[in-house]
Amino acid sequence: MGRRRKARHAKRGLARWRLAALLVVLAAGLVWLWRAGSEWRSLRAAWLQQSAVEEPDALFRPEVGAPPYTIAVDAGHGGDDPGATGVVVEREMTAATAAALTAWLDADPNYIPAATRDSYAATANPTQRARRAADLRPDLLLSIHGNSAAADAAGFECYPITPGRTWHRESVYFARLLADGMAAAGSTLRGQGGVRYIYYENGQKVLAEAGDLRIRQEETFTLLEQAVCPAVLAEQCFVTSPEDVERFGDDDGCALAARVYYQAICAYFGTTPLESLPQ
């Protein structure tokens, strides 16, 4: 009987040891799974953020329907509002560019250009132009502006609808087409590939780069905030830079920028751009 008791005790001890070993292995497995899950979540978050930045170029394509497409062309400032003043006046540069772009769109049967004001000489604030644009029910909106700086600055940048808003992905897609076109035409791109976001905090503009996809409560430019379609605000060049104005701000420069914008619009909708304007 003594030997049997000892055998039973030995078996019980072995069973307890095996159970303890199994629990240790399970605990180690759970720790590994937790760490792996944490790493996976981090990798997934990083991938989602990266894909959100790259997707408009690599994977995302806007659904555009059939032509003709209505394009809201917004010439920034105008009328009693000159905008920035430097080598050229922003109001005059935006009007010249908008007129040249409208000529391309008007000649192309795939497009219907629509202005956000009665005339370039008419004064209309951003809210009024945003309401006019909404009434037009456009398929795409481009707001044309000029930049300025006290220091020596040059280059192109544009602002799509901000993250978290309707039409954000489509707007980023269009913004990148604009930036790529301006770069090909010889402009330098500011920020991350020429695409940035603007927010207003306590009345002050706050700049965010294209990779900053945080959804923020602060509003952006009125034309973008109140847009009913994909929309981008383009800062064509610095009106305070003689070199920039020579390339994209004088008469020939405005015509060149308008051609770039027209080609970007065609790329967005998948149409073939006209080679030249009809005589």
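These legends walk through several close-up views of a predicted model.

**View 1. The whole chain offers a first look at the helices and strands of this protein.** Welcome to the structure: the protein has 7 helices and 7 strands. Read from the N terminus, its elements follow the order α-β-α-β-α-β-β-α-β-β-α-β-α-α. Of the 279 residues in the protein, 41% are buried. Counting contacts between residues at least 6 apart in sequence, 73% link residues that are at least 24 apart.

**View 2. The largest pocket holds about 440 Å³ of space.** Which residues lie nearest the centre of the largest pocket? They are His 77, His 145, Lys 205, Phe 221 and Glu 235, out of 23 lining residues. Two or more lining residues come from each of α3 (126-136), β3 (140-147), β4 (157-160), β5 (196-201), β6 (204-209), α5 (222-225) and β7 (231-238). The largest share belongs to β3, which supplies 3 residues. Sorted by class, the lining is made of 10 nonpolar, 7 polar and 6 charged residues. A general idea helps with views like this one: a probe the size of a water molecule, rolled over the atoms, shows where empty space is left.

**View 3. The second largest pocket contains about 180 Å³ of space.** Here 13 residues form the lining, and Glu 63, Asp 139, Trp 167, Pro 230 and Tyr 268 are the closest to the centre. How many polar residues does the lining of the second largest pocket have? There are no polar residues in this lining, which has 9 nonpolar and 4 charged ones.

**View 4. The largest nonpolar core brings together 43 residues.** Look for Ile 71, Leu 101, Phe 174, Tyr 261 and Ile 265, the residues with the most contacts inside this core. Elements that each give two or more residues to the core are β1 (69-75), α2 (90-107), β3, α4 (168-184), β7, α6 (242-248) and α7 (251-269). Which element gives the most? That is α7, with 11 residues.

**View 5. Tyr 261 is shown with the residues in contact with it.** Setting aside neighbours within four places in sequence, Tyr 261 is in contact with Thr 97, Leu 101, Leu 142, Ile 144 and Phe 156, and also with Leu 178, Met 182, Ala 234 and Gln 236. Elsewhere in the model there is a second, separate core of 14 residues, with Ala 133, Ile 198, Ala 227 and Cys 229 among them.

**View 6. Helix α3 has both buried residues and exposed ones.** Arg 129, Ala 130 and Ala 133 are the buried residues of α3. Viewed down the helix axis, these buried residues fall within an arc of 100 degrees, so they line one face of α3. As a general rule, an α-helix has 3.6 residues a turn, so residues three or four places apart point the same way. On the other side of α3, Arg 131 and Asp 135 are exposed. Which elements cover the buried residues of α3? The cover includes β1, β3 and α5.

**View 7. Pro 273 sits in the segment after α7.** Its relative accessible area is 26%, so Pro 273 counts as partly exposed. Leaving out residues up to four places away in sequence, Pro 273 touches Arg 259, Tyr 262, Gln 263 and Cys 266. Trp 104 is 169 residues from Pro 273 along the chain, yet the C-alpha atoms of the two are separated by 9.0 Å.

**View 8. A cis peptide bond joins Pro 67 and Pro 68.** Omega at this bond is about 5 degrees. Where is Pro 68 found? Pro 68 is in the loop between α1 (2-58) and β1. For background, most peptide bonds are trans, and most residues other than glycine have a negative phi.

**View 9. Arg 137 and Asn 202 each have a positive phi.** Neither is a glycine: phi is about 50 degrees at Arg 137 and about 55 degrees at Asn 202. Arg 137 belongs to the loop between α3 and β3, while Asn 202 belongs to the loop between β5 and β6. Are these residues buried or exposed? Arg 137 is exposed, with a relative accessible area of 58%. Asn 202 also counts as exposed, at 82% relative accessibility.

Methods
Residues are numbered from 1 along each chain as its sequence is written. This is a predicted model: local features need pLDDT of at least 70, side-chain atom pairs count only at pLDDT 80 or more; totals for chains, interfaces and linings use all residues. Side-chain values use heavy atoms; hydrogens and water are left out. On a 1 Å grid over the protein atoms alone, a cavity is a set of points where a 1.4 Å probe fits but cannot get out, and a pocket is an open set with protein on both sides within 12 Å along at least five of seven lines; lining residues have an atom within 4 Å of a point. Grid points are joined across faces, edges and corners, and a volume is the space filled by probe spheres set on the points. Helices (H or I, at least four residues) and strands (E, at least two) are DSSP runs, numbered from the N terminus. Ala, Val, Leu, Ile, Met, Phe, Trp, Tyr, Cys and Pro count as nonpolar, Asp, Glu, Lys and Arg as charged, and the others, Gly among them, as polar. A nonpolar core is a set of buried Ala, Val, Leu, Ile, Met, Phe, Trp, Tyr and Cys residues joined through side-chain atoms within 4.5 Å. Buried means under 20% relative accessible area, exposed over 50%, partly exposed in between (1.4 Å probe, protein chains only). Contact means heavy atoms within 4.5 Å. The arc is that of the directions from the helix axis to the C-beta atoms.
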